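Biologist: I'm new to this one and would like to learn how to read its features. Could you show it to me first?

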Amino acid sequence: QRLSFGISTGFWINPSNTYFELSPLLTYHFPKTFSIGAGPTYVYNQDRINNVSLNGFGGKVYGRANFTNWLYGWTEYQGIDNQHITGFENNKPVKSSWYVDSWFLSLGLNIPVGRRSFNVQLLYDVLYKESRSYTYSPVTYRIGFGF
């Protein structure tokens, strides 16, 4: 089976925001250990201080190398057109959006469950900029399900 479909999710909270990321993924598996894939990405951000919802849309391309049945390496480029609050007008937040790119390096665990899989990753964003990134830190995590 050379092609597979999966869904990657991310969820994180900081003192002022709650984030959720959803990304359906289509992957091509080369023989042995390597695979590549791509998919669209949606990011939801609930700004709890200003009580406003912000959205981001984009996509990603990635590569994966399986070191063992359980451990893999991951690299990913992701580009998101993400909304931010840029000011206030009549006491209402003004939303603007700008493009944010990220390059993630990661190690992950693959846990087979029958013909499906459950994945957990710890990622580091090499291009992280605190003033522009939608994540609260260059280090984040993801949980994924493979079908």
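Modeller: Let's begin with residue classes: Ala, Val, Leu, Ile, Met, Phe, Trp, Tyr, Cys and Pro count as nonpolar, Asp, Glu, Lys and Arg as charged, and the others, Gly among them, as polar. The model is a predicted one, where local features need pLDDT of at least 70 and side-chain atom pairs pLDDT 80 or more, while totals for chains, interfaces and linings use all residues. Residues are numbered from 1 along each chain as its sequence is written, and side-chain values use heavy atoms, with hydrogens and water left out.

Biologist: Before any details, how many helices and strands are there in the chain?

Modeller: Helices (H or I, at least four residues) and strands (E, at least two) are DSSP runs, numbered from the N terminus. Here the chain has 0 helices and 8 strands, so to read it from the N terminus is to read β-β-β-β-β-β-β-β. The C-alpha trace spans about 60 × 25 × 20 Å along its principal axes.

Biologist: And how much of the chain do buried residues make up?

Modeller: "Buried" is under 20% relative accessible area, "exposed" is over 50%, and "partly exposed" is in between (1.4 Å probe, protein chains only). Of the 147 residues in this chain, 40% are buried.

Biologist: Now for empty space. How much of it lies in the largest pocket?

Modeller: Rolling a probe the size of a water molecule over the atoms shows where empty space is left. On a 1 Å grid over the protein atoms alone, a pocket is an open set of points with protein on both sides within 12 Å along at least five of seven lines, whereas a cavity is a set where a 1.4 Å probe fits but cannot get out; lining residues have an atom within 4 Å of a point. Points are joined across faces, edges and corners, and the volume is the space filled by probe spheres set on them. In this model the largest pocket holds about 860 Å³.

Biologist: Which residues lie nearest the centre of the largest pocket?

Modeller: Ser-4, His-29, Arg-64, Asn-110 and Ser-117 do, out of 39 lining residues. By class, that lining has 16 nonpolar, 18 polar and 5 charged residues. Strands β1 (3-13), β2 (17-29), β3 (34-47), β4 (52-66), β5 (71-89), β6 (92-113), β7 (116-125) and β8 (139-146) each give at least two residues to it. The largest share, 6 residues, is from β1.

Biologist: What volume does the second largest pocket have?

Modeller: About 270 Å³. Its lining has 18 residues, with Asn-17, Tyr-19, Asn-45, His-84 and Ser-133 nearest the centre. The elements giving two or more residues to this second lining are β2, β3 and β5, and β5 has the largest share, with 4 residues. Sorted by class, there are 6 nonpolar, 10 polar and 2 charged residues.

Biologist: On to charges. How many salt bridges does the structure hold?

Modeller: A salt bridge is a side-chain nitrogen of Lys or Arg within 4 Å of a carboxyl oxygen of Asp or Glu. The structure has 4 of them. In one, Glu-21 pairs with Lys-60, with the closest N and O atoms 3.4 Å apart. Glu-21 is in strand β2 and Lys-60 in strand β4, so this pair ties together parts 39 residues apart in sequence. Glu-21 is buried at 2% relative accessible area, and Lys-60 is buried too, at 4%.

Biologist: Which side chains meet in a salt bridge of 2.6 Å, N to O?

Modeller: Those of Glu-76 and Arg-142. They link strand β5 with strand β8, 66 residues apart. Arg-142 is buried, with 3% relative accessibility, and Glu-76 is buried at 1%. Glu-76 also meets Lys-60 in a salt bridge (3.5 Å, N to O). Through shared partners, Glu-21, Lys-60, Glu-76 and Arg-142 are joined into one network.

Biologist: And what is the nearest side chain of opposite charge to Asp-47?

Modeller: For signs, Lys and Arg count as positive and Asp and Glu as negative, with His and the chain ends not counted. For Asp-47 the nearest is Arg-48, 7.8 Å away, and Asp-47 is buried yet has no salt bridge. Polar contacts are pairs of N or O atoms within 3.5 Å; within protein, one must be able to donate a hydrogen and the other to accept it, and residues adjacent in sequence count only if both atoms are side-chain atoms. The side chain of Asp-47, a residue of strand β3, reaches the backbone nitrogen of Ile-49 at 3.0 Å. A polar atom of that Asp-47 side chain also lies 3.0 Å from the backbone nitrogen of Asn-50.

Biologist: Last one: where does Asn-51 lie?

Modeller: In the loop between β3 and β4. Asn-51 has a positive phi, near 50 degrees, though it is a residue other than glycine, and it counts as exposed at 65% relative accessibility. Asn-90, in the loop between β5 and β6, has a positive phi of about 55 degrees and is exposed at 70%.
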